[in-house]
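Subject: The structure to look through

Hi,

Here is the structure I promised to pass on to you. Please open it alongside this email, and then read on for what turned up in it.

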Amino acid sequence: MAADTMTAKSAQPRLRADALRNRERIVAAAREVIVECGAHIPLDEIARRAGVGNATIYRHFTDRRELIHHVALSVMSRVADQAESALAEETDTFSALRRFVHAAADEHIGALCLLLSDGLDKEHPDLIATRDRLADGVEALMGAAKADGKLRTDIGVGDLMVALNQLTRPLPGSDCVDFEPFVHRHLQLFLDGLHTPARSELPGKSVTLEDLQHRP
């Protein structure tokens, strides 16, 4: 039923420019707040960050679950855009990967794990299509860097995405709201460890996105 509701919403007439701006501000504010405070943050705080009233949120989204669904779609879609752009525009394949990693952090990819663990319908067609597009984009980036001998071969897309999620959000309960100054510094340290030649042998096997989706 929830999937039917979200499908019906997507079939509605095109929004007016001001309504579209409000919707985009709500989704952007929700991304930021979820990274800082978790997926159960009150809608009041999301509305405050977006500069709208609570009623405006409910005009665009039936409930919290639908809002979270669209935030997850937004994060994955924007990060997929970054992967595709980096590969198309950078001449050096590892530079393309580096650009993508830092851009994904700016898109608040740290919210994604929190969102997908918040009771969403992970098999919703929109989420599957966007997730597959993201996986294909990151796989292409990593594959190009591996083919050029610049990215170590013992890591997979899942390894990269887990590290991105962990390094781009504050530790639970840390009250570290102003986390942004540290993110890119830590990501650069991580990227240095991905470059060839590898300085150590990693335990276990490389992780794919499928591994993450089917973990117990």
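Let me start with a yardstick: the expected span of a helix is 1.5 Å times one less than its number of residues. Helix α2 (residues 17-37) has 21 residues, so it should span 30 Å, and its end C-alpha atoms are indeed 30 Å apart. You can try the yardstick again on helix α5 (residues 64-89), which has 26 residues. From its first C-alpha to its last, α5 reaches 37 Å, close to the 38 Å expected.

Before you go further, please keep in mind that this is a predicted model. The average pLDDT, the predictor's confidence, is 83 for the chain, and 82% of the residues score at least 70. Where is confidence lowest, and where is it highest? Helix α1 (residues 2-10) has the lowest, with a mean of 48, and α6 has the highest, at 95. Two stretches fall below 50: residues 1-5, with 4 contacts in the model beyond near neighbours in sequence, and residues 7-12, with 6 such contacts. Where pLDDT is low, the predicted coordinates should not be read in detail.

**The chain as a whole**

The chain has 11 helices and 0 strands. Of its 216 residues, 42% count as buried. The chain exposes about 11,500 Å², and carbon and sulfur atoms supply 54% of that area. If you take the contacts between residues at least 6 apart in sequence, 73% of them join residues at least 24 apart.

**Around α2 and α5**

Back in α2, the buried residues are A19, R23, I26, V27, A29, A30, R31, V33, I34 and V35. After α2 comes G38, which has a positive phi, near 100°. Most residues other than glycine have a negative phi.

A little further along, UniProt places the feature "DNA-binding region" at residues 42-61, in an unreviewed entry. In the model, residues 42-61 are 75% helix and 0% strand, and the end C-alpha atoms of this stretch are 15 Å apart.

What caps the N-terminal end of α5? That is D63, which has a side-chain oxygen 3.2 Å from the backbone nitrogen of R65. Within α5 you will also find Q82. Q82 counts as partly exposed because its relative accessibility is 21%, and the buried class stops under 20%. Leaving out residues up to four places away in sequence, Q82 touches F100, A103 and E107. The C-alpha atoms of Q82 and R99 are 8.4 Å apart, although the two residues are separated by 17 places along the chain.

**H102 and its partners**

Next, have a look at H102 in helix α6 (residues 93-106). Is H102 buried or exposed? With a relative accessibility of 16%, H102 counts as buried. The side chain of H102 makes a polar contact of 2.8 Å with the side chain of H184. Beyond residues up to four places away in sequence, H102 touches H184, L187, Q188 and L191.

**From α9 to the end of α10**

Helix α9 (residues 157-167) includes L167, and Q166 lies in α9 too. L167 is partly exposed, at 25% relative accessibility, and Q166 is partly exposed with a relative accessible area of 48%. Q166 and G110 are 56 residues apart in sequence, yet their C-alpha atoms are 6.8 Å apart in space.

F182, in helix α10 (residues 180-194), is partly exposed at 40% relative accessibility. Two C-alpha distances link F182 back to earlier residues: 8.7 Å to T168, which is 14 residues away in sequence, and 9.1 Å to L167, which is 15 residues away along the chain.

One last thing to find is the peptide bond between T196 and P197, which is cis, with omega about 0°. Most peptide bonds are trans. P197 lies in the loop between α10 and α11 (209-213).

Have fun exploring!

Best wishes

Key:
Residues numbered from 1 in each chain as written. Predicted model: local features only at pLDDT ≥ 70, side-chain atom pairs only at ≥ 80, totals over all residues. Heavy atoms only, no water. Helix = DSSP H or I, 4+ residues; strand = E, 2+ residues; numbered from the N terminus. Buried < 20%, exposed > 50% of the residue type's maximum accessible area, 1.4 Å probe, protein only. Polar contact = N/O pair within 3.5 Å; in protein donor to acceptor, adjacent residues only side chain to side chain. Contact = heavy atoms within 4.5 Å. Areas by Shrake-Rupley, 256 points an atom, 1.4 Å probe, with all protein chains shown as cover. UniProt positions renumbered as here; feature names shortened; annotations may be inferred. pLDDT = per-residue confidence, 0-100.
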